[in-house]
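Here's a quick briefing to read with the model open beside you. Have a look at the fold, then work through the notes below.

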Amino acid sequence: MPKPQKYPNSLRKHRKKAGLRQQEVAHALGLNTCERISKWENGHSIPTLWSLFKLAMLYRVSPQELYDEMYQSIANSSASTDVILSGERIPAGE
């Protein structure tokens with residue numbers, strides 16, 4: 001059985017730095033329980049784009065800071081890959 005993918009993040013670090021409990025974050029996002037917050041912090045799932053931006057605003061950081069390792073991995077892989085748009089090759093980052 002394949003190992004479930006983990007999503008590295010710094011959600012817990014930024015939540016604690018903001019002085020918030022999981023229940024307070026869940027309430028701010030309109031959730032009834034903190035189960036989703038726990039899953040996000042443990043890397044078992046990732047928030048929707050809407051929730052990611054709300055978390056970033058709540059913690060007063062950029063969304064990139066919450067998932068920096070994932071962001072860096074994508075940035076590094078796309079830096080060496082050309083993107084094809086409309087049949088034309090465009091170097092990544094342009």
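How many helices and strands are there in the protein? There are six helices and two strands, counting helices as DSSP runs of H or I with at least four residues and strands as runs of E with at least two, numbered from the N terminus. This is a predicted model, where local features need pLDDT of at least 70, side-chain atom pairs count only at pLDDT 80 or more, and totals for chains, interfaces and linings use all residues. Residues are numbered from 1 along each chain as its sequence is written, and side-chain values use heavy atoms, with hydrogens and water left out.

**Overall layout**

- Starting at the N terminus, the order of elements is α-α-α-α-α-α-β-β.
- The protein has 94 residues, and 23% of them are buried (buried means under 20% relative accessible area, exposed over 50%, partly exposed in between, with a 1.4 Å probe and protein chains only).
- Take the contacts between residues at least 6 apart in sequence: 49% of these join residues at least 24 apart (a contact means heavy atoms within 4.5 Å).
- P4 sits in the segment before α1 and, at 65% relative accessibility, counts as exposed.
- Between the C-alpha atoms of P4 and S45 there are 9.9 Å in space, with their positions 41 residues apart in sequence.

**Helix α4 and its two sides**

- Helix α4 covers residues 49–59, and its buried residues are S51, L52, L55, A56 and Y59.
- Those buried residues line one face of the helix, because they fall within an arc of 140° when you look down the α4 axis (the arc is that of the directions from the helix axis to the C-beta atoms).
- Flip to the other side of α4 and you'll find L49, W50 and M57 exposed.
- The packing partners of the buried α4 residues are α1 (11–17), α2 (22–28), α3 (35–41) and α5 (63–66).
- S51, in helix α4, counts as buried at 11% relative accessibility.
- K54 is in helix α4 too, but it counts as partly exposed at 28% relative accessibility.
- K54 and V25 are 29 residues apart along the chain, and their C-alpha atoms are separated by 9.7 Å.

**L29, a loop residue that meets α4**

- L29 belongs to the loop between α2 and α3, and its relative accessible area of 12% makes it buried.
- Skipping residues up to four places away in sequence, L29 touches W40, S51, K54, L55 and L58.
- With the same kind of neighbours left out, S51 touches L29 and W40, while K54 is in contact with A28 and L29.
- The C-alpha atoms of L29 and L55 are separated by 8.0 Å, and the two residues are 26 apart along the chain.

**The nonpolar core**

- The largest nonpolar core has 14 residues, of which L11, W40, L55, Y59 and L66 touch the most other members (a nonpolar core is a set of buried Ala, Val, Leu, Ile, Met, Phe, Trp, Tyr and Cys residues joined through side-chain atoms within 4.5 Å).
- Two or more residues of this core come from each of α2, α3 and α4, and α4 gives the largest share, with four residues.
- L66 is in contact with N9, S10, L11, H14, L52, L55, A56, Y59 and V61, leaving aside neighbours within four places in sequence.

**After α4: R60**

- R60 is in the loop between α4 and α5.
- Its phi is positive, at about 60°, although R60 is not a glycine.
- At 78% relative accessibility, R60 counts as exposed.

**The largest pocket**

- The largest pocket holds about 200 Å³ of space. On a 1 Å grid over the protein atoms alone, a pocket is an open set of points where a 1.4 Å probe fits, with protein on both sides within 12 Å along at least five of seven lines; lining residues have an atom within 4 Å of a point. Grid points are joined across faces, edges and corners, and the volume is the space filled by probe spheres set on the points.
- Its lining consists of I46, P47, L52, P63, Q64, Y67, M70, Y71, I74, A75 and S78.
- α5 and α6 (68–79) each supply at least two lining residues, and α6 gives the largest share, five residues.
- By type, the lining has nine nonpolar residues, two polar and no charged (Ala, Val, Leu, Ile, Met, Phe, Trp, Tyr, Cys and Pro count as nonpolar, Asp, Glu, Lys and Arg as charged, and the others, Gly among them, as polar).
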